[in-house]
Amino acid sequence: MATKEQTEAAAQAASGEAAALEARYDPATIEAKWQARWDAQPDLYATEPLTSAKPKYYVLGMLPYPSGQLHIGHVRNYSIDDALARYMWMQGSNVLHPMGWDAFGLPAENAALKNNTPPKQWTLNNIAAMKRQMRRLGLAYDWRYEITTCLPEYYRWNQWFFLKMYERGLAYRKKSKVNWCPQCATVLANEQVVNGCCWRHEEQPVEQRDLEQWFLRITNYEQELLDDLAKLEGWPEKVRTMQRNWIGRSEGAEIQFELEDASAVPEGEEKARKTGTALLPAREDVKGSGKKIAVFTTRVDTIYGATSLQLAPEHPLVKEMTAADAGLSDAVAALLDQQRKAREQGDVGAIEKHGVYTGHYAINPFNGERLPVWVGNYILLDYGTGAIMSVPAHDDRDYDFAKKYGLEIKVVILPRSHGKAAADGELEPLLPFTGEDSLLINSGEFSSLGCVEAQHKMAAYAEEHGFGKATVTYRLKDWGVSRQRYWGTPIPMLYCGNCGIVPVPESELPVLLPDNVEITQLGGSPLARMPEFVNTTCPKCGGKALRETDTMDTFVDSSWYFYRYTDAHNDKAPFATETVAYWFPIDQYIGGVEHAILHLIYSRFWTKVMRDLGLVRNDEPVERLFTQGMVIRNGAKMSKSKGNVVSPDEMIATFGADAARMYSLFAAPPDRDLDWQEDGVAGVSRFLGRVYRFAMKYADRAKADAGAHGAPLSPESQALLRKLHQTIRKITEDFAGRWHFNTDIAAIMELVNMLTAAEPAINAGKVPDAVVADILRSLTLLLAPFAPYLAFELWERIGEKSVLLRAPWPKFDEALAREEQIEIPVQINGKLRAVVRVSADADEDTVREAALKDEKIAALIAGKEIARIIVVPRKLINIVVK
């Protein structure tokens, strides 16, 4: 006969089943309900005052370009930072989680040409559409901090920063060879050239042009940018390595070779000089011309092995030489054309090496030997000094060049392993030999020194004798920010016939971008064709002046936007220093690795400039950086240009926003690429339906929860609570570290599977209402970062009155999470043969005994000698037999 408790449990079960039958998971209705409620609470995601006792947490996803519509790639990116923001709110932090728009850029001009829509209108329409999509996804942004970089209240401060940099000599104008994209009809920074093509137009080769350009002296901060990478322990090492390589610090020596006086060639050398392949010995009667060729080398220890000098085709001395030699001029022009084509293809290093002998020799200052001077198509004027010493025995590239043109090859270093023979020059290595753990030979007074020691001593010798010095060079070049297009921040500079270059007074900022402009993308900036914009008055002399018609690189906009978020409506300054001091550095920044040497290095530079202006106190903008993987569809990165995008609107209409968000986090680890499969979204939607039905079935029990679990707990209750606390522990630890959201969601699925399997026990009263209530409440909290709409609905249905976003994150009980028994795989000679169950706290002897007593194991080892037994605690046991 049934007890009273069992009868009540059966009645409750019948009531719950009836409720579950009526309850069908309807994400459209649930999500519309909560979206309306959230919209009616503008302070739901608000930050607390700077005086708050809560720890601050600034979490940020990189702001998007408003191209028209979000795609699933955006959903994945922003679901990551949204999950983290929600988790940190529930952990009791004061969270800043803003969003804005990187709104300047070429696509708006392209759209203006294609659709006859003004760029501003096209951009603002797109922002409205994408903002609507973000709201529909339930992303927890405080829109009161929203910024839009194409609006004057933002770009005014771009101009203000430019003027401050100009005052400090950090902004300057010069004629420069620049990267030109014919499709963009504008200049690209070096970082925007990818494999010789435009970063936006991936199949468009970039050309080289000479233009007057504005630059920012990022090189003033090159060493600090390099040194401070060591502070960024929360950044992926691959990003730090990419920045380190882009900065490209090289330590070496700069040596001055003097060009020989061509009018005083010693007698008897005419034949040897004819081909430029001979290395000529030192002679006292040789005269120098007074013209110096500076060479930077990281291997001054090999200078005695130099057998030629090679100059860039655009080297100033080459221009002098070609002016007097038409044949040389034609040959150098051909080399320059080859170099230009290689630059446009993006890999000068892979160019087929060609050179031409100039007819001149230069003097090696270390030993007086005279080296033929060549021009090489692979020597770049803007790298190092535009000249190299060629040491073919000890450099791969120089060796190939010397072999091709018959230049001499002279060995001056040998491996230490050659011992005394190395010092005596009796052995030669396989050439080219480039090792630094070597000894010098044939190097005058420096012979027998180790290479590293010789580098220091020879650089000091050069400085002591006035023909060189130890020096450092960098690959990083100043940032060219001029763009010959309309849709960008106007550069606030004037050109006066009397006063020259004149900055626009701060009181006249912003220099407004005109609205009614004809976009052609031909012949430079369209602003130059607008007299009402161009013509102005010089603030110094009152005479006529012309405005700068170039606009700023859009990476200027994104170099400091995250500071503006903290004080988005300040009309007196870019932001308040005290506000920024509270929020910075950003605790967690999330975005694509493709920005490693564009946005991320520029923003680091901008932070250091602002620090030196007294605006900020931090040296670096970002404490921790996470680079998410791409979303792949049909074998390619999901992008509008490839025509393989999936609209979140479609997924939301069919499966709901929670399912789309949760699948984007479940299908792959966040740092890996995700292969988009619509069937996977459907599967997640079905799972959420199971959660909803289970919760509805037992919601009344949760509401009627009497409080404590009571004791003793049934085995069924213990098993459910153990799984719950294991799940809480896993997700809590993952949020604090590795972010394996895919396995976190899988753990929630396992918990739900266990709950549904336990329904007969729950219905039979073997699991008290207090345990059911505890599990439902914790399950709802665990779901909140991943499926916020459903979580808010369940929170209300189980009778909770507090705001879920601020509800405390559940804490795991280590004792409850501990397994009573665990499974240990048993191997014989490394092959899995059985699995035994032992107590979770079993010692090695107990595990060994359980394995040997297993019937299958006992049969397999019968009659064999046990050599040893290896026990890996809580992991496996391996029995080695003979």
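How many bridges join strand 7 to strand 17, and in which direction do the two strands run relative to each other? In this predicted model, 2 bridges join strand 7 (residues 207-216) to strand 17, and the two run antiparallel.

**The sheet**

Strands 7 and 17 belong to an open sheet of 4 strands, whose order is 4-3-7-17 with antiparallel pairing. Strand 4 (186-188) and strand 17 (479-480) stand at the edges, each having a single partner strand, so one side of each is left without a neighbour in the sheet. At the pairing with strand 17, Leu-216 stands opposite Trp-479. Strands of a sheet pair through backbone hydrogen bonds, which may be in a parallel or an antiparallel arrangement.

**Salt bridges**

Side chains of opposite charge can pair when their charged atoms come close. The count of salt bridges in the model comes to 57. The table lists some of them.

| Acidic residue | Basic residue | Closest N to O separation |
|---|---|---|
| Asp-39 | Arg-135 | 3.2 Å |
| Asp-301 | Arg-299 | 2.9 Å |
| Glu-620 | Arg-604 | 2.9 Å |

Asp-39 forms a salt bridge with Arg-135. Asp-39 lies in helix 2 (residues 27-39) and Arg-135 in helix 5 (residues 119-136), so this pair ties together parts that are 96 residues apart in sequence. Asp-39 has a relative accessibility of 43% and therefore counts as partly exposed. Arg-135, at 31%, also counts as partly exposed.

By contrast, Asp-301 and Arg-299 are both buried. The side chains of Glu-620 and Arg-604 likewise meet in a salt bridge. Glu-620 lies in the loop between helix 18 (599-612) and strand 25 (625-627), while Arg-604 lies in helix 18, so the pair ties together parts that are 16 residues apart in sequence. Glu-620 counts as buried because its relative accessibility is 8%, and Arg-604 is buried with a relative accessible area of 0%.

Glu-620 and Arg-604 are also members of a network of salt bridges. The other residues linked in this network are Glu-224, Asp-228, Lys-231, Lys-608, Arg-611, Asp-612 and Asp-619.

**A patch of positive charge**

Which residues gather in a patch of positive charge on the surface? They are Lys-831, Arg-833, Lys-856 and Lys-864. Lys-864 is found in the loop between helix 29 (855-861) and strand 31 (866-872). With a relative accessibility of 45%, Lys-864 counts as partly exposed, a class that lies between buried, under 20%, and exposed, over 50%.

Technical notes
Residues are numbered from 1 along each chain as its sequence is written. This is a predicted model: local features need pLDDT of at least 70, side-chain atom pairs count only at pLDDT 80 or more; totals for chains, interfaces and linings use all residues. Side-chain values use heavy atoms; hydrogens and water are left out. Patches are made of residues with over 30% relative accessible area and no salt bridge: like charges are joined within 9 Å, nonpolar side chains (Val, Leu, Ile, Met, Phe, Trp, Tyr) within 5 Å. Accessible areas come from the Shrake-Rupley method with a 1.4 Å probe; for residues, only the protein chains shown count as cover. A salt bridge is a side-chain nitrogen of Lys or Arg within 4 Å of a carboxyl oxygen of Asp or Glu. Lys and Arg count as positive and Asp and Glu as negative; His and the chain ends are not counted. The place of a charge is taken as NZ of Lys, CZ of Arg, CG of Asp or CD of Glu. Buried means under 20% relative accessible area, exposed over 50%, partly exposed in between (1.4 Å probe, protein chains only). Two strands pair if DSSP finds at least two bridges between them.
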